[in-house]
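Subject: Structure handover

Hello,

Here is the structure I promised to pass on. Please open it and keep it beside this note while you read.

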Amino acid sequence: MSDRKTRLAIILITSLFFLWGFALNLNPILIPHLKKACQLSDLQSALIDSASYIAYFLMALPAGLFMKRYGYKSGITLGLLLFAFGTFLFYPAAEQRMFGFFLVALFIIASGLTLLETAANPYITVLGDSDTATQRLNFAQSFNGLAAFLAPLMGGTFILSGKNLTEQEQTAMSPGQLDAYLSEEAASVQVPFLIIGIVVLMVAIVLWRTPLPDIIDEEDTPEQATGSILGEKNLILGVVAQFFYVGAQVCISSFFIRFSDKVAGVDEKTAALYLSGSLLAFMIGRFFGTYLMRFIAPPRLLAIYSIINVILLAFAIVTEGMVPIYALVGVEFFMSIMFPTIFALSIRGLGSKTKIGSSLVIMAIVGGAVFPVIMGRISDLTTIQIAYVVPALCFLVVFYFALKNSTVTNVKLAVSH
């Protein structure tokens, strides 16, 4: 490939990091929005995350098999098409105000994102000089963080109305007035998601017409393929830790807006700004944490950050006013290094089993489908503030994993989510 074509390919693959980061980080906006428009409980609204993250679990292996047979470029194109199709389904889902329809659309979107994530990390490393592969990966991952910051900011501006009627106000409305209000709320997702779908389709077309190098997967020899992956105790513990971590990460952000309203009386548009700021803190934290790892062993830093997050969540649970919100912003900062650090520690020393080990750790993302539902149920039974004990307990599992890897002095962070 010429330098010009290589640069274009790098730009396109980097855009994938931005696209999946933007899509996933719209969920914290959709949760309070659809809870209101479709009149849901906290448990039901948590299914928005479940629809997204269960797709990662179900589609991870099929995505890998598809790309092995048809190539990474075909997999990326299919992923973008599924992504676009799912966003277009938001229009009829909003017209009918059917929560189940929204969940189907979110599952399709996440299925497409699974294909994108499966391809993006290996692709960005082979585009250009091998000596600068790590720099390209870090550069691409920074756009993932940028998307996480922009998604709630833009979602809060163009999707959330800022109108929250009390039960008494809704009861005082006639059935026709209530239906008109709910329909207006639901309709606010239509244009934004149509625009997202069009942008994704444009990227798919340009990418399909752009020459990309083939990635040849090395096959294991019969000697390399022997031995059960389940015998790798540290890997299995890492899968468990990643399962709990992703569950905690999704819980923190997904209920942030509702938490801000119930605990501090912050309206949803303002809460979306705080959420955007917290995700900016997440992005800054990843760069800062990576720098700290030059001086502090990654497992030790992971352990320190885990305990700090447990303490911050304790403040979020027992204090009042704006302090709990600031505590959650702090949690986002200290979560920043956890996914790539757990991933790197989990697959360390696997040799020829690295590929399947990596797949298992990625499949642990399904924790994002499980713990928000548990948290939503606890919120329905008690309060949203008490429900934040769920991510606090998750961070204790991450702390245990960090302690079990305390002898490791250096790892290479190679992925982000």
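Start with one pair of residues: are Glu268 and Lys36 buried or exposed? Both are buried. Keep them in view, as I come back to them below. One caution before that: this is a predicted model.

**The whole chain**

The chain has 20 helices and zero strands. How does its radius of gyration compare with the globule rule? The radius of gyration is 21 Å, and the rule gives 22 Å for 417 residues. The two values are close, so the chain is as compact as a globular protein of that length. Along its principal axes, the C-alpha trace spans about 70 × 50 × 35 Å.

Buried residues account for 53% of the 417. Now look at the contacts between residues at least 6 apart in sequence. Of these, 83% join residues at least 24 apart. The accessible surface is about 17900 Å². Carbon and sulfur atoms supply 66% of that surface.

**Charges**

The chain carries 25 positive and 25 negative side chains. The centres of the two sets lie 6 Å apart. Side chains of opposite charge can pair when their charged atoms come close. How many salt bridges does the count give? It comes to six. Here are three of them.

*Glu268 and Lys36.* This is the pair you began with. Their closest N and O atoms are 2.8 Å apart. Glu268 lies in helix 13 (residues 268–292), and Lys36 lies in helix 2 (residues 27–37). The pair therefore ties together parts that are 232 residues apart in sequence. Both ends of this bridge are buried.

*Arg258 and Asp42.* These side chains meet in a salt bridge, with 2.6 Å from N to O. Arg258 sits in helix 12 (residues 256–264) and Asp42 in helix 3 (residues 42–70), so the bridge ties together parts that are 216 residues apart in sequence. How exposed are the two ends? Arg258 has 23% relative accessibility, so it counts as partly exposed. Asp42 has a relative accessible area of 1%, so it is buried. The cut-off for buried is under 20%.

*Lys163 and Glu184.* Here the closest N and O atoms are 3.5 Å apart. Lys163 is in the loop between helix 7 (133–158) and helix 8 (167–172). Glu184 is in helix 9 (residues 175–187). The two residues are 21 apart, and the pair links distant parts of the chain. Lys163 is partly exposed, at 40% relative accessibility.

Which residues are joined into one network by salt bridges that share partners? They are Lys35, Asp42 and Arg258. Find Asp42 and Arg258 first, then add Lys35 to your view.

**Two backbone angles**

Most residues other than glycine have a negative phi. Two residues here are worth a look with that in mind.

Gln39 is not a glycine, yet its phi is positive, at about 55°. Gln39 is in the loop between helix 2 and helix 3. With a relative accessible area of 46%, Gln39 is partly exposed.

Arg97 is not a glycine either, and its phi is about 50°, again positive. Where is Arg97? It is in the loop between helix 5 (90–96) and helix 6 (99–126). At 24% relative accessibility, Arg97 counts as partly exposed.

That is the handover. The structure is yours now.

Best wishes

Notes
Residues are numbered from 1 along each chain as its sequence is written. This is a predicted model: local features need pLDDT of at least 70, side-chain atom pairs count only at pLDDT 80 or more; totals for chains, interfaces and linings use all residues. Side-chain values use heavy atoms; hydrogens and water are left out. Helices (H or I, at least four residues) and strands (E, at least two) are DSSP runs, numbered from the N terminus. The radius of gyration is taken over C-alpha atoms; the globule rule is 2.2 Å times the number of residues to the power 0.38. Buried means under 20% relative accessible area, exposed over 50%, partly exposed in between (1.4 Å probe, protein chains only). Contact means heavy atoms within 4.5 Å. Accessible areas come from the Shrake-Rupley method with a 1.4 Å probe; for residues, only the protein chains shown count as cover. Lys and Arg count as positive and Asp and Glu as negative; His and the chain ends are not counted. The place of a charge is taken as NZ of Lys, CZ of Arg, CG of Asp or CD of Glu. A salt bridge is a side-chain nitrogen of Lys or Arg within 4 Å of a carboxyl oxygen of Asp or Glu.
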